[in-house]
Amino acid sequence: MGYDVRDTGLAGPGRGRIDWAAGEMPVLAQIRERFDKERPLEGIRVAACLHVTTETANLMEALSAGGAEVALCASNPLSTQDDVAAALVEQSGVDVYAIRGEDTDMFFKHINACLDIEPQITMDDGADMVSVLHKQRTDRIADVIGGTEETTTGVIRLRAMGSDGALRYPIVSVNDANTKRLFDNRFGTGQSVVDAIMRATNRLLAGRTFVVCGYGMCGRGVASRARGMGAHVIVVEVDPTAALEALMEGYRVMPLLDAARVGDVFVTVTGDKGVIRGEHLERMKDGALLANAGHFDVEIDKRALAALSEGRVRAIRDSVEEHTLSDGRRLHLLGDGRLVNLAAAEGHPAAVMDMSFANQALSVEWLVKQRGQLEPRVYPVPAEIDEEVARLKLRGMGVEIDELTPEQESYLRSWEEGT
Ligand SMILES: NC(=O)c1ccc[n+]([C@@H]2O[C@H](COP(=O)([O-])OP(=O)(O)OC[C@H]3O[C@@H](n4cnc5c(N)ncnc54)[C@H](O)[C@@H]3O)[C@@H](O)[C@H]2O)c1
């Protein structure tokens, strides 16, 4: 067994937090219990590149309970929780290669260490592991049965690989399951981004102008939670339908060049690059906060910010970098422009990751069952799995719902009855 973590002595506090998250993850717990009995992943080698958080720890333990041999590395250099990494190594037999704050070389060294186990399943969040496997470690592809992908940006990259004919094995897009994107992206990102901004800055949001760039699944969550805190929310979009939806939801919609002058807080969550650029930064008010919640740290142009502040930069609080412009205005970059909810807080609450990771665990089981029968392309999570996760989640929350009567079922299937 190999590992590379900050300090295995942190395992104690890590365990407490992993157990705390487990209390909010009833669906994954039920899957883990069944995996423990049925061992559907016996001997399967899984290499996972995910945020190393308490929720991920619960997923790794569920896969191990199913019989898998698991290696884990980070999907972002700033999202690792070192105590969780330690607990997984010390107590769960997972090979973890992740240290919070690792540099780019170490980040890729750790991905390669996971690939050394010759995985049969890859589990990615952003498609960096798949990308390394396809570009540099093609010797490791032959054994791979399939993979899963957790986030929008990863799915976009994988679809691009598919249409270029570059993808060599099937990958399940966990991100697109309803029980993932409607909850994790919206309520998870919504709550944890606002939480991260508050933890990092302790600024009051009520009465402030809060600009959300990107009104997709995540942006909707961030906008609604910021409004819930009493902020005046402006949405910036490039898609006319999304912009219209934001407008009818009651937000102001305008180009970023206009929003730049009035915003107090800016959050990018588009999956795109160069969203906040020099021309926007130049217009911002003294004290503005800049945060990114999109997958990569390319949404806020950090180079343009550095060029404007010409070295007048200081770490003013944990996760807050103050950039002073030549006229004295200060702009504050949170979490180094990386996923703010993971860099400056703990990521999504466990209750939503319960559903995302239930989809992950069941998709891995499905891939193993389908071994050799799938094409090298992106597959959706099978609808039965998605619906089962919703059913189990409702049950876990103690909520019952109605069922169609036989008469209603036949009415909904028929076309003869009308006016
Ligand atoms: N922080 C987290 O924990 C977390 C969680 C899930 C997803 N993500 C990431 O967040 C990003 C967004 O995910 P999503 O599911 O909301 O995607 P999405 O595709 O549903 O929405 C993205 C939106 O951004 C808009 N957009 C694109 N370029 C833009 C630009 N230049 N200016 C303004 N708007 C622009 C698009 O029109 C779209 O409406 C992705 O990178 C995804 O991987 C982060």
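This is a short presentation on selected side-chain contacts and local features of one protein structure.

Good morning, colleagues. The structure before you is a predicted model, and the values I shall quote are computed from it.

Let me begin with the charged side chains. Side chains of opposite charge can pair when their charged atoms come close. How many salt bridges does a search of the whole structure find? The search returns 35, and I shall discuss some of them.

The pair I would ask you to locate is R220 and E245. Their closest N and O atoms are 3.1 Å apart. R220 belongs to helix 9, which covers residues 217-228, while E245 belongs to helix 10, so this salt bridge ties together parts that are 25 residues apart in sequence. Both partners are partly exposed: R220 has a relative accessibility of 22%, and E245 has 36%.

Two further salt bridges lie within single helices. R391 pairs with E388, with 3.5 Å between the closest N and O atoms. Both residues are in helix 16, residues 383-396, and they are three residues apart, about one turn of the helix. E388 is partly exposed, at 31% relative accessibility.

The other such pair is R413 with E409, where the N to O distance is 3.8 Å. These two residues are four apart in helix 17, which spans residues 406-413, and about one helical turn separates them. Is R413 buried or exposed? With a relative accessibility of 65%, R413 counts as exposed. Its partner E409, at 37%, is partly exposed.

Salt bridges can also be joined into a network. Which residues are linked in this way? They are R17, D83, D195, R199 and E346.

I turn now to the aromatic side chains. The model contains four aromatic pairs. One of them is formed by F107 and F108, in an edge-to-face arrangement, with 5.1 Å from centre to centre and 90° between the planes. The two rings belong to residues with unlike surroundings: F107 is buried, at 5% relative accessibility, whereas F108 is partly exposed, at 31%.

Another aromatic ring has a charged neighbour. R377 lies over the face of Y379, 4.0 Å from the ring centre.

The next topic is cysteine. How many disulfides does the structure hold? The count is zero. Why is C73 not bonded to C114? C114 carries the cysteine sulfur closest to that of C73, but the distance is 3.7 Å, which is too far for a bond, because a disulfide requires the two sulfur atoms to be within 2.5 Å. C73 is buried, with a relative accessible area of 1%. C213 is likewise in no disulfide, and the nearest cysteine sulfur, in C218, is 14 Å away. C213 is buried as well, at 1% relative accessibility.

Let us return to helix 10, residues 240-248, where L247 is found. On the surface, L247 forms a nonpolar patch together with L244 and M248, and the accessible area of the three is about 340 Å². L247 itself is partly exposed, with a relative accessible area of 46%.

For a contrasting leucine, please look at strand 2, residues 69-74, which contains L72. L72 is buried, at 0% relative accessibility. Which separation do we find between the C-alpha atoms of L72 and V96? It is 4.7 Å, although the two residues are 24 apart along the chain.

Finally, I would draw your attention to two glutamates in loops. E118 has a phi near 55°, a positive value in a residue other than glycine. Where is E118 placed? It is in the loop between helix 5, residues 104-115, and strand 4, residues 121-124. E118 is partly exposed, with a relative accessible area of 34%.

The second glutamate is E310, whose phi is near 40° and is also positive. E310 is located in the loop that runs between helix 13, residues 302-309, and strand 12, residues 313-317. At 57% relative accessibility, E310 counts as exposed.

To close, I suggest keeping two places in view when you examine the model. One is the salt bridge of R220 and E245, which ties helix 9 to helix 10. The other is the pair C73 and C114, whose sulfur atoms are too far apart for a bond. Thank you for your attention.

Key:
Residues numbered from 1 in each chain as written. Predicted model: local features only at pLDDT ≥ 70, side-chain atom pairs only at ≥ 80, totals over all residues. Heavy atoms only, no water. Patch = residues over 30% accessible without salt bridge, like charges linked within 9 Å, V, L, I, M, F, W, Y side chains within 5 Å. Areas by Shrake-Rupley, 256 points an atom, 1.4 Å probe, with all protein chains shown as cover. Salt bridge = Lys/Arg side-chain N within 4 Å of Asp/Glu carboxyl O. Buried < 20%, exposed > 50% of the residue type's maximum accessible area, 1.4 Å probe, protein only. Phe/Tyr/Trp six-rings, centres within 6.5 Å; stacked < 30°, edge-to-face > 60°. Lys NZ or Arg CZ within 6 Å of the ring centre and 35° of its normal.
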